[in-house]
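Student: Please take me through this structure, and give me the reason behind each label.

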Amino acid sequence: MIFYSTINSNKTDILVEKFLQLVKSGANTDEILILVQNGRKKKNFVEKIKKNSPLGNIGNLNVFSFFGLARNFIEKNWVLVENSIRYPNPCVFGHLCGLEASQYIFKNCIKEIEFKGYNSKVNLLHQLLRRYSLIVQNALSDNEIKIRENILHESYCSEVREAIKLYKLKTLEYRAFDYLRQVSIFEYLYKQVKNPYKYVILDDGDEITPAVFEYLKHIKKDVKEFFVAQDPCGSSRLGYLSATHIDFEKFLNEKAIDLRENGIKTQNAKNIFENVKNKTPVSVENIDIKGFVRRDEMIFQTIKQIETLIKNGVKPNEIAVVTPLCDRYLRFCFNKIKQDVFFLSGSEKLNQNPHVGAIIEILKLANTDDCYLSAFILKGILLEILKINGDEAIEISQNYAYKNQEYKTFVKEYLKTIKNPDIEDFLNFLEEIKNASLSEQLYKICTKYTQKDIENQNAILKLNKLAKQIADFEDIFGSDFQKTTLIEQLENTIISENPLSEDEIPDNSIIVASAQKLIDSEICVKHLFLLDCSNSDWIKQDIGMLYNSWVFQKNWNKNEFNSNDNIELTLDRTARILYKLYLCQNEKMYVYSSIYDSLGMENFGAIDKFFTIAQTNNPKKATKITPRDDQKPVLEYKSGKMAVSAVAGSGKTTIMLALIFKLLEGEIIKNLKSENIFVLTFMDSAARNFKERIKQNYPDMVEMPQISTIHGLALRILKENNNYTFLGLDNDFEIIDENKRREIIANATVNAGLDYSKTDLYERAISDFKNDGENLKNIKSPSFKRIFSTYNSEMKENNFLDYDDLLIFALKLLKTNSDVLNYYQNLARVIIEDEAQDSSPVQQELLNLIGGKWGNIIRCGDVNQAITATFSNSDVKGFKKFIKENYNVEMNKSQRCAIKIIDYANKVIDRASNLAPEAFLNIKMQPVEGKNANNTDAITLKLFEKSQDEKDFIIEQIRKIKKEYPEKSIAILTRSNWQIGAFSEFLESKNIKTQKNIDILYNNPVFRTVLAVFNFINDTKNKKNLVKSIEAMLEMPRYKDEREILNYIQDKDFLSQEGSKYSLWWDLKYFLLKSTLTPMELVLEIGDFYYKNTLEFANVSMVYSIVDKIYQTHKSFEQTLLRLNEISNRINKSAKFFSEEKTQEENLVNIMTLHKSKGDEFDFVFIPELSADNLGLKIEDIKLKSNSEFIQTIKQNPKTSETLKQEILEENYRLFYVGVTRAKLKLFLTCARSFKMYNKEKTQEPCEIFTKGELQNEHI
Amino acid sequence: MNTFSVNSLKLLDKSTEEFINKYILHLDFISYNQNAKSGERLHAMISYYLKGFDITKLANSLNKDEKEILEKSLSLDIFKEKEKFIKSEETFLIKCCKDDLIFYLSGRFDAIFKDEEKYTIYDWKLKNIPQNPKDDLQSIVYLYCASKIFNTKNIAIKYISLQTNQTAQVDFKDENIYLESIFNIIKKLPNKYLV
């Protein structure tokens, strides 16, 4: 019998009933095979049989999960397996082990094999296991595998075959079979054994794997009757999980009985299924759709919504949350809900549980005498395990840190010197268990130090998991492994199964799960929240280099595989998942997404695009913008290419937004969807600004246009639909940030025998070399060759990509794969580029490629503000050419600056026409009638004798402005980053509050606080360190009245009780005792403590991520902290922090570089220290930096020094122009003839503007 | 918790707290004791033998002591009466009811032999057989369950020490007394856990 059924059709009850009927009619339970998808369903099935059976003998139940079937079969028939193995040393039982042991075997098998044409070595083992899983679960024969190797043109297929063959042999030799290997042994075994089953009951027939189906086919002739429950729209485990859609009507030659209910819910679910398959958004009444800007907003709104539901009487177990990103950040936020929350997904390492982590460290101590320990970990052991008093534990561990630093002291040696009975007992205990087996040691440590109380339940579960893994190793390899190596391998074991067994799901908790877990566990709730719906992880695409889940399906019958196959099959599976998820709710489903993920990276969109809000008759329209005459042509755009040259302050952003609104409202191009609009910005902040403003105007808009930097777009092109596989990249590639890149280059530089300080030189040179696409053979510099080769192989070995690779690879993909190119060309119906003057050649090429089909390309910018060419790959010539060749709208009116300032800016252009003719296009700024200020004192040009005079003048002016115009904004624009700190310090010393606008990590309040707490935790005794930390903490308003604590710490030990009158003392001590957490967890604790419910909390996850990345490499708290301190003052490119809209409430003086000021405007602007060295405006003043000349040595057509100087001169003019045009009311240009350096007065040349010509004349 | 084995009942009888920790809250450490494995191996070898598998190769995996024990065991009379052998390593699940409480008993018989109408459940012990087999909880549970499975009272349980070949046999006596004994232990568990 076949039953078409959903999870709402009581199918299991019907199958249980069938079972009981069979038994009642005389069938023996031994003859009935019951197959279900997983352990939880098995338990459920058994419980139902038990409940409905009459009293007395129920019988021997053969209820198995798909994998359990294989395991049970082997256990029962082990002798047959053993007798077929030709290796000696038989075993009474097969080692039916976990993946850890088989991975260990596989790892050793592939050591010697070179995989040609396969680039990633990091996760090779993992990928091989995935391939093996596909082969086994799809029951593929050798011939079927070969066909697939040919379809995929795998250059490394023979090596893969060799590796798998070797692995299979080795597992036979060891008799070690993990769950996958068990399936392949089962396949062999069932053909040798007489089938005992006359009846087969199959629940979840839609999730069956080919391996299990092959078995059913094999026993079909002996089976009297099959009872199959199947959902025709099910099979959510298609793809990597290897479910297959079986036509059971054909297989059993009978018609199915349709048990699916006909209600609205089923109909809606079917609509979702059909619409998703057809890529048409669906509107369903009980689905609430919301899009947020930041992820933290989405999470908090969900929590708020859940709290309201609970307040209104909904029980916790009637609520479930599904997300593919069950990360620590989400867990942390959800754990703050008062109700129990159970996480049914997410993987974690064993040692992430602090108790388990500490037990593992003890295990290490038991097996090594000469080991050092991080003081942080020692503190963990003392506090968490030995339960030593907090203050004493801190004292002991800090003293150890000092001892270890000075004398390299083994931790056991050190502990022997401590007079504490618990520590003495601990050391004796370690001695006692020294010679026991690892599993015995673990058992003894746990029995002695782990309390069997409910708080430790999770730790105990994990410790038992660890014990099982160790026992596996001892069983399989005897003493053939190093204890300490094994401990290290196991502590990093990632448990992907959470909970460890499916029957542990509590009855009264809110469930947070992955989609598959919720479906597999058949959890039905009233309210189902789908979060992170715009994150591409929702739509998993399992086509890695070594495992193409689609081609490796049993029923794959095409001769080729292309990008569209993947897109379609993935869509089909997504439709099935969403269909099943919808059936898991009984009242309401919430589809929530956010524009940015936790790291501030844009989400590309995923399942959010399948849901839509029912259209109202009056869709909300954006606020209308009335354009000026010079802006009008932009909004009259119809199609084709258009350049917009917009002078500073001309309202470029506003008019571009207005154009985007018009496009979105369908007023320009018919049937244009959001996804068809591509906007490219130069900075992330600009992309964010666009998105946020669109969101403000269309709050219900779920799918946003593609708005990102070029790197964001390149990342999308590489990742979307797993396109990277077409470049031969494996899916574990990692895009490294600037810090990591610098670290690799620094190592390569030092290894090449050069000084560390040369790192800067090679950072830029490597980037230029890659972007130019040069051949390494043509490079003359041997040191560059060496460093680049080391860098390159390190990158390849680890499957890293840097930001340059991102662009180069995306371009390569578009050029070499027509499917991918077509996809983006069809999509990108309009492309708008902001700051086009800063566009690099690669960006321009990429833009032209994807805009190739529709040709609607709008490029906006101001060539006169191109200020990034000398230190980046930008190329202003491209935009100049575009302006020349296409329709150009000149927006040359600006209401920003006072008329005198406009005049001055235009004179800068005139002046340059003599000295640097290529610097500007002759586009002069014009005022807007009646709008610009007309003050006569707009420009002040002052030259001083001494730099102190210059500074005094600035102070005097600022005080004056603040007095006269307290509401007006003030900025100091500097040439270099280092000047920012100096000016800030000076102004602050004069009690003028400043805001440093500089992208260093330390400037972010969350990072600063975390660093301060970490430094404090690391060493509470070092006064200098302590003062620095305390000062950073005192910046927080909550401690504003506690500055006295600085005096206290000068005289006393921080930890002495006298500090208890300060709340800061209590708070820091709290963190000190929390230090058994991992550094990452500590970040979340600190973040939650200080930044909860503020925008800054969104940045906590970014700091978390920075710490996490460093910790992964450096592995200890101390080393991580060292690196954090190192990078704190570097320009931050690794985290895209969110920041509040700038407020001028406190009227801080903004200090930033001229470069950074672009896009900003201030009422009063100071540009100080305008010496010829700082800003050369004539060719004689330009000095080339060593790196600019060095970079030319690696170019095929190197530029002469003269050309380089000329280019710098041109850019300096533009930089000056940018600075000038920031000022709305008054501009102060100053310089001094001499300055103090190491107490000596040094003279300097003022720059060109102070000496002669029209820039100087009328203003002094 | 509604299903009990001999081992879990023994623990419950000994200490409710330990039972809850181990079987309900999972707060117990699993010990992978090498000594216990010897017993498991011998049990498995006997079972393979009874099922008719060729155990020649497998026997090579046993250590000297184990080999001796196995050889000695297999020379016992019972193994010569293969026609009486019914099943080995047979799991069971029995639904019981007393005073409106429904519970289940589960377990596994090492081997079952039938001589004419009498069923004998064999239980191999590596070292010692129960000191007081008649009152041992294993006898009570096994005899009660076997009577339900085979629907007869003509049943016995026989313990055999593999090391010493010492034996003890207990014949079925009274179903109600058995159920009462089992029930009294189960009742030690607070009601909230009896689901």
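Tutor: Strand 10 of chain A and strand 17 of chain A pair in the parallel sense. Ask me what backs that up.

Student: What makes strand 10 and strand 17 of chain A a pair?

Tutor: Two strands pair if DSSP finds at least two bridges between them. Strand 10 and strand 17 of chain A have six bridges, so they meet that rule. One bridge puts I289(A) opposite V591(A) of strand 17. The model is predicted: local features need pLDDT of at least 70 and side-chain atom pairs pLDDT 80 or more, while totals for chains, interfaces and linings use all residues. Residues are numbered from 1 along each chain as its sequence is written, with chains lettered from A and ligands numbered from 1 in the order in which they are written.

Student: What makes a stretch a strand or a helix?

Tutor: Both are DSSP runs, numbered from the N terminus: a helix is H or I over at least four residues, a strand is E over at least two.

Student: Which other strand pairs with strand 17 of chain A?

Tutor: Strand 16 of chain A does, in the parallel sense, over five bridges. There, H527(A) stands opposite K588(A) of strand 17.

Student: Why is strand 17 of chain A called mostly covered?

Tutor: Seven of its 10 residues are buried. A residue is buried if 20 or more other C-beta atoms, placed from the backbone, lie within 10 Å of its own; it is exposed if 12 or fewer do, and partly exposed in between. Helix 13 (residues 295-311) of chain A lies across strand 17 and also across strands 10, 11, 15 and 16 of chain A. Helix 13 runs at about 155° to strand 17 of chain A. Such angles run from 0 to 180 degrees between N-to-C directions, with axes fitted to C-alpha atoms, for helices over the stretch in contact.

Student: What is the strand order of the sheet that holds strand 17 of chain A?

Tutor: The order is 10-17-16-11-15-12 in chain A, an open sheet of six strands with parallel pairing.

Student: Why are strand 10 and strand 12 of chain A said to stand at the edges?

Tutor: Each has a single partner strand, so one side of each is left without a neighbour in the sheet. Neighbouring strands of this sheet are turned by 20° against each other on average, direction ignored.

Student: How many bridges join strand 12 of chain A to strand 15 of chain A?

Tutor: Four, and the two strands run parallel. F343(A) stands opposite V512(A), and L344(A) stands opposite A513(A).

Student: How do you know that both faces of strand 12 of chain A are covered?

Tutor: V341(A) and F343(A) lie on one side, F342(A) and L344(A) on the other, and all four are buried. In a regular strand the side chains alternate between the two faces of the sheet.

Student: Which strands stand at the edges of the sheet ordered 4-2-7-8-1-9 in chain A?

Tutor: Strand 4 and strand 9 of chain A do, because each has a single partner strand. This too is an open sheet of six strands with parallel pairing. Within it, strand 1 and strand 8 of chain A pair over three bridges. F3(A) of strand 1 has A229(A) as its bridge partner.

Student: What is the phi of N10(A)?

Tutor: It is about 55°, a positive value, although N10(A) is not a glycine. Most residues other than glycine have a negative phi. N10(A) lies in the loop between strand 1 and helix 1 of chain A.

Student: Is N10(A) buried, exposed or partly exposed, and why?

Tutor: N10(A) has 16 other C-beta atoms within 10 Å, so it is partly exposed.

Student: Why does N991(A) count as exposed?

Tutor: N991(A) has 7 C-beta neighbours inside 10 Å, so exposed is the label. N991(A) lies in the loop between helix 38 and strand 30 of chain A. Its phi is near 65°, again positive in a residue other than glycine.

Student: How do you know that helix 36 of chain A is close to its expected span?

Tutor: Helix 36 has 17 residues and reaches 25 Å from its first C-alpha to its last, against 24 Å expected. The expected span is 1.5 Å times one less than the number of residues. Its buried residues include I901(A), Y904(A) and V908(A).

Note on methods:
Contact = placed C-beta atoms within 7 Å.
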